[in-house]
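Visitor: I would like to learn how to read a structure like this one. Please take me through it feature by feature.

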2 protein chains.
Amino acid sequence: MQISSRFTIAIHMLACMETFKDEYKVTSDFLADSINVNPVVIRRILSQLRDAGLVQVKRGTGGAAAAKPLKEITFLDVYRAVECIENNTLFHFHENPNMDCPVGKNIHNILDDKLVRVQEAMERELKAITLEEVMDDLKTVTDNGR
Amino acid sequence: MQISSRFTIAIHMLACMETFKDEYKVTSDFLADSINVNPVVIRRILSQLRDAGLVQVKRGTGGAAAAKPLKEITFLDVYRAVECIENNTLFHFHENPNMDCPVGKNIHNILDDKLVRVQEAMERELKAITLEEVMDDLKTVTDNGR
DNA sequence: CATTTTTGTAACAATTACTATTACATCTTT
DNA sequence: AAAGATGTAATAGTAATTGTTACAAAAATG
């Protein structure tokens with residue numbers, strides 16, 4: 001199972017907000033046009049980002065913008081904001097192993113710390129990447145011949 | 001989205017095969033009883049593990065066993081055997097960004113190598129854990145007062 | 001060789017998550 | 001009051017996961 005596109009959409013949204021913040025009012029329709037998804041999808045993700053304190057959204061007049069400097073927003077922040085993983089565990093465990101079997105009785109405990117290690121490795125890398133990096137790369141490619 | 005329970009079930013299966021290989025014939029019904037899922041679920045995963053060269057399954061007479069020493073089977077081997085991730089990419093990308101937008105046009109390329117880094121961090125950790133470690137831990141807990 | 005046990009797999013259902021879409025109440029400015 | 005946005009509920013379609021029944025095919029055994 002893949003991680004849902006909400007994650008890459010959210011990053012795309014933040015990159016758009018930053019890129020166009022001085023030129024346009026960045027509304028959900030504006031974002032929907034760049035990302036090419038339904039505006040309601042944008043608004044749902046916008047709400048999740050707002051609840052996580054990553055963006056500010058203006059009601060009535062409209063428009064969204066990052067709530068803090070992009071170098072302070074990591075991929076992990078975005079991931080946690082939009083990806084609702086049950087119990088915050090990446091791996092789904094089979095629920096009812098047989099407690100009368102020595103393997104079934106102990107497998108959960110034994111695997112747990114190993115799977116946490118894997119999840120932490122992934123989250124450590126997510127945390128090491130900031131939205132600022134994305135903006136830097138974006139500026140590089142848009143400056144050189146588009 | 002969580003990684004499916006096929007992964008932890010597969011590890012449980014291999015741990016069972018190794019634990020009981022001398023005492024019992026380890027059939028799909030036997031495994032289903034320890035793991036507490038339907039035998040057909042077991043057989044499906046067994047086929048995937050067989051196709052990946054991780055186990056050998058006897059038809060007719062029945063029984064499954066690891067195809068190589070457990071210290072040579074990593075969590076990554078098992079993960080790849082049972083988890084069918086599209087294009088081998090952990091992150092699902094939104095498909096049709098707007099090519100007329102400077103962000104939409106470049107976001108995919110810019111994100112790709114960053115997301116690969118995350119996936120590699122995860123796979124590196126999966127590769128560092130072997131089934132032998134699971135067996136060692138299992139022996140430790142079953143020796144000391146069960 | 002027939003029987004028995006087991007694997008391999010198809011078929012179907014139930015559940016869940018994701019994504020798209022319509023509709024509309026609510027908020028804020030003008 | 002009107003206009004333009006957001007927030008959110010409701011619904012539908014699709015896909016993946018898991019459970020289950022059913023049965024053909026394989027292999028050992030008497």
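Visitor: Which residues does Phe7(B) touch, not counting residues up to four places away in sequence?

Guide: Contact means heavy atoms within 4.5 Å. Phe7(B) touches Phe91(A) and Leu115(A), and also Phe75(B), Val78(B), Tyr79(B), Val82(B) and Leu126(B). This is a predicted model: local features need pLDDT of at least 70, side-chain atom pairs count only at pLDDT 80 or more, and totals for chains, interfaces and linings use all residues. Residues are numbered from 1 along each chain as its sequence is written, chains are lettered from A in the order in which they are written, and side-chain values use heavy atoms, with hydrogens and water left out.

Visitor: Which residues have the most contacts inside the largest nonpolar core?

Guide: A nonpolar core is a set of buried (under 20% relative accessible area, 1.4 Å probe, protein chains only) Ala, Val, Leu, Ile, Met, Phe, Trp, Tyr and Cys residues joined through side-chain atoms within 4.5 Å. Here the largest has 96 residues, and Phe7(A) and Phe7(B) have the most contacts inside it.

Visitor: How are the two copies related?

Guide: Two copies of a chain are related by a rotation about an axis and a shift along it. Superposition is by least squares on the C-alpha atoms of residues with pLDDT of at least 70 in both. Chain A falls on chain B after a rotation of 180° with 0.0 Å of shift along the axis (RMSD 0.0 Å). The copies are therefore related as by a two-fold rotation axis.

Visitor: Which residue of chain A comes closest to the rotation axis?

Guide: Met122(A) does, with its C-alpha at 2.4 Å. Both copies use the same surface, as 100% of the contact residues of chain A recur in chain B.

Definitions and conventions
Buried < 20%, exposed > 50% of the residue type's maximum accessible area, 1.4 Å probe, protein only.
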